[in-house]
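The following exercises are to be worked with the sequence and the model at hand. Each task is followed by a solution in steps.

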Amino acid sequence: MNTSNQLIHEKSPYLIQHAHNPVSWHPWGNAAFSLARTLDKPVFLSVGYATCHWCHVMERESFENLDAARLLNETFVCIKVDREERPDIDAVYMAACQILSGRGGWPLTVFLTPDKKPFFAATYIPLNGRFGQPGIKDLCVQIKNLWESQRQKISEAVEDIEGYLRESFLFSSSDTIDNSPVEAAYSELSRRFDHVYGGFESAPKFPSPHRFLFLLYLYRKNNDPKALEMVQKTLLKMRCGGIWDHVGFGFHRYSTDRQWLLPHFEKMLYDQAMLALAYLETYRITRNSFYARTAREIFAYVIRDMTSQQGGFFTAEDADSEGEEGKFYVWTMDEFQKSVKYENIRWETILNITQGGNFRDEASGIQSGNNIINLNQPLSDWAFNLGIPESDFFDLWESVRVNLFDVRSQRVHPLKDDKILTDWNGLMIAALATGAVVLDEPEYAEIASKAADFILSALSDSDGKLLHRFRDGDAAVSAHADDYAFMIAGLLSLHEASDDAKWLNESIRLQAILNDNYLDKVHGGFFKTEDNHDLPVRPKEVYDGAMPSANSASLANLATFYRLTGDKVWLNQAKYLARSFFGTVKAQPSAFTFFITGLDTLC
């Protein structure tokens, strides 16, 4: 098939993954949309990321299929976007997908006019239709007919969608603020809390660590034991579950079940950072070594596997290897027994390894004979029950773990997405700097300082503005508000860990750039992009999802500036930011737990 796939010269690992598809992919840019206008074709926009399992599935099924690729090339100009490299694009078209389909996720699939306006959106689309839903080949035929014979219908739909899309980035403000959302959010989380397994959903379960930080803040403020109990229960169950990598450390992205057993196996840097902060804060309150050990092990994983020679932190590790999700992480009984020296301890019982396996295929539910290592109780409880001194038992476990790690290291490793993102690095810098203080480990502050120096030198342009992405010697992509907000948070944490004024001064400089270039001077709050963006609408976010929003992080930063300097300019900026979103936040407070943590400090 004659194709002109343009992705081979890109830096994004996700785009490079698709560089040899028979689809004629283009990177996002003026050239692709100019071509769509010239050819009078709609645009097929596919957004994903390198470690996304269902992105891999759609690639294998559709983008490597010659018939599907031919139809896509005939019907569309096809554009691939790495959502981690361009989160602003993802934000706009994910909002469109939620408007059009009522759901979201990745891969994100959007059909656009040549002027970037959406008229159809979905997530994963199979090759062929099923369950009454069209497949990708069916959609190509339908869209081609619609585009050629009923263009007016598309134009009318585009106009309606554009109005809804603009409204999705508008928020309700207030002339005054109070802390009423705090109690409302706490009550809602209490009602939703899973008293058996922890967490706040049934399934799937995402960690969302900012919820734990909110509850820990309330415990420190009110000494409410229930707030601390919800955090401790969840952190315990997660650390014992399959969402934790017991052999190599670090947390997988989320659990597909209520018990935290079966994860989607990708590991994201932001999860390591935010969860480390949650375990550190819980240790600071309880002084229970379980939480300190978990934080140390998260840092051990990041330092060992996710740190570049220059000092920056890599983005993620994939769920798949050899075309199978989780293959790197699971064990058959035979593999396990050959790898472990028993020394009179039945480790397969402790780690829940069985002949039939506990790893079920997510789609079919069929047992595979493979096992995800997990615990029914912490190792300290096992030591007590077996009558072995805890320190001795942990030494025995460490010997077993290292053997398993060495055996696993011989397997085909999942892909490592080795791009370095400014915003995610800011979060990890904050976590390490906090760890240096809470755990009295100066090495963590040194590692965080090296990362901060790297970001500020390698990911800054000639005007001192931040850039978003670094890979293979190339720094590119204009920074987003998240890059500034999270880097400022990291620098403020470094300042408090080291008492070095340069970090405070640098954070103030970055805040000035954020204020000058991203602030909505009409409605308040920070836009995600600068004004010279290339999108149909300029996105602004406050929802705290897998990570806090830039506006939530900025509220906390501004409050910290005021606490450190006593300058009421910072307090006034913080209150203005809080008022800009207060109406929206008050209507659904549990969706904004990081924001309302900052809000409460102002009231």
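Two strands pair if DSSP finds at least two bridges between them. The model is a predicted one.

**Exercise 1. Strand pairing**

Task: Determine which residue of β12 is the bridge partner of Phe 314, and place the two strands in their sheet.

Solution.
Step 1. Phe 314 has Ile 420 as its bridge partner in β12.
Step 2. Strand β9 spans residues 314-317 and is joined to β12 by 3 bridges, the two strands running antiparallel. The cut-off for pairing is at least two bridges.
Step 3. The open sheet contains 5 strands, ordered β8-β9-β12-β13-β14, with antiparallel pairing.
Step 4. At the edges lie β8 (267-268) and β14 (474-478), each of which pairs on one side only.

**Exercise 2. A salt bridge between strands**

Task: Find the salt-bridge partner of Arg 471, and decide whether Arg 471 counts as buried or partly exposed.

Solution.
Step 1. The partner is Asp 418, with the closest N and O atoms 2.6 Å apart.
Step 2. Arg 471 belongs to strand β13 (residues 467-471) and Asp 418 to strand β12 (residues 416-421), so this pair ties together parts 53 residues apart in sequence.
Step 3. Buried means under 20% relative accessible area. Arg 471, at 19% relative accessibility, counts as buried, whereas Asp 418, at 29%, counts as partly exposed.

**Exercise 3. Salt bridges involving loops**

Task: Locate Asp 40 and Arg 151 and state what their salt bridge ties together; then establish whether Lys 540 and Asp 520 are buried or exposed.

Solution.
Step 1. A search of the whole structure yields 42 salt bridges. In one of them, the side chains of Asp 40 and Arg 151 meet at 3.0 Å, N to O.
Step 2. Asp 40 is in the loop between α2 (30-39) and β2 (43-48), while Arg 151 is in helix α7 (residues 151-167); the pair therefore ties together parts that are 111 residues apart in sequence.
Step 3. Both partners are partly exposed: the relative accessible area is 42% for Asp 40 and 29% for Arg 151.
Step 4. Lys 540 and Asp 520 also form a salt bridge, at 2.8 Å from N to O. Each lies in the loop between α20 (501-518) and α21 (550-565), so the pair ties together parts that are 20 residues apart in sequence.
Step 5. Lys 540 and Asp 520 are both buried.
Step 6. Asp 82, Glu 84, Asp 417 and Lys 419 are joined into one network by salt bridges that share partners.

**Exercise 4. Two helix contacts**

Task: Describe how α18 packs with α20 and how α15 packs with α16, giving angle, axis distance and residue classes.

Solution.
Step 1. Helix α18 (residues 442-458) packs with α20 at an angle of about 35°, the axes being 13 Å apart. Their crossing is left-handed.
Step 2. The contact is made by Ser 449, Ala 452, Asp 453 and Leu 456 of α18 together with Lys 502, Trp 503, Glu 506 and Leu 510 of α20. By class, this contact has 4 nonpolar, 1 polar and 3 charged residues.
Step 3. Helix α15 (residues 379-386) and helix α16 (residues 390-409) pack at about 115°, with axes 9 Å apart. The crossing of α15 and α16 is right-handed.
Step 4. From α15, Leu 379, Ser 380, Trp 382, Ala 383 and Leu 386 meet Glu 390, Phe 393, Phe 394 and Trp 397 of α16. The classes in this contact are 7 nonpolar, 1 polar and 1 charged.

Definitions and conventions
Residues are numbered from 1 along each chain as its sequence is written. This is a predicted model: local features need pLDDT of at least 70, side-chain atom pairs count only at pLDDT 80 or more; totals for chains, interfaces and linings use all residues. Side-chain values use heavy atoms; hydrogens and water are left out. A salt bridge is a side-chain nitrogen of Lys or Arg within 4 Å of a carboxyl oxygen of Asp or Glu. Helices (H or I, at least four residues) and strands (E, at least two) are DSSP runs, numbered from the N terminus. Buried means under 20% relative accessible area, exposed over 50%, partly exposed in between (1.4 Å probe, protein chains only). Axes are lines fitted to C-alpha atoms, for helices over the stretch in contact, and angles run from 0 to 180 degrees between N-to-C directions. A crossing is left-handed if the near helix is turned anticlockwise from the far one by less than a right angle, and right-handed if clockwise. Contact means heavy atoms within 4.5 Å. Ala, Val, Leu, Ile, Met, Phe, Trp, Tyr, Cys and Pro count as nonpolar, Asp, Glu, Lys and Arg as charged, and the others, Gly among them, as polar.
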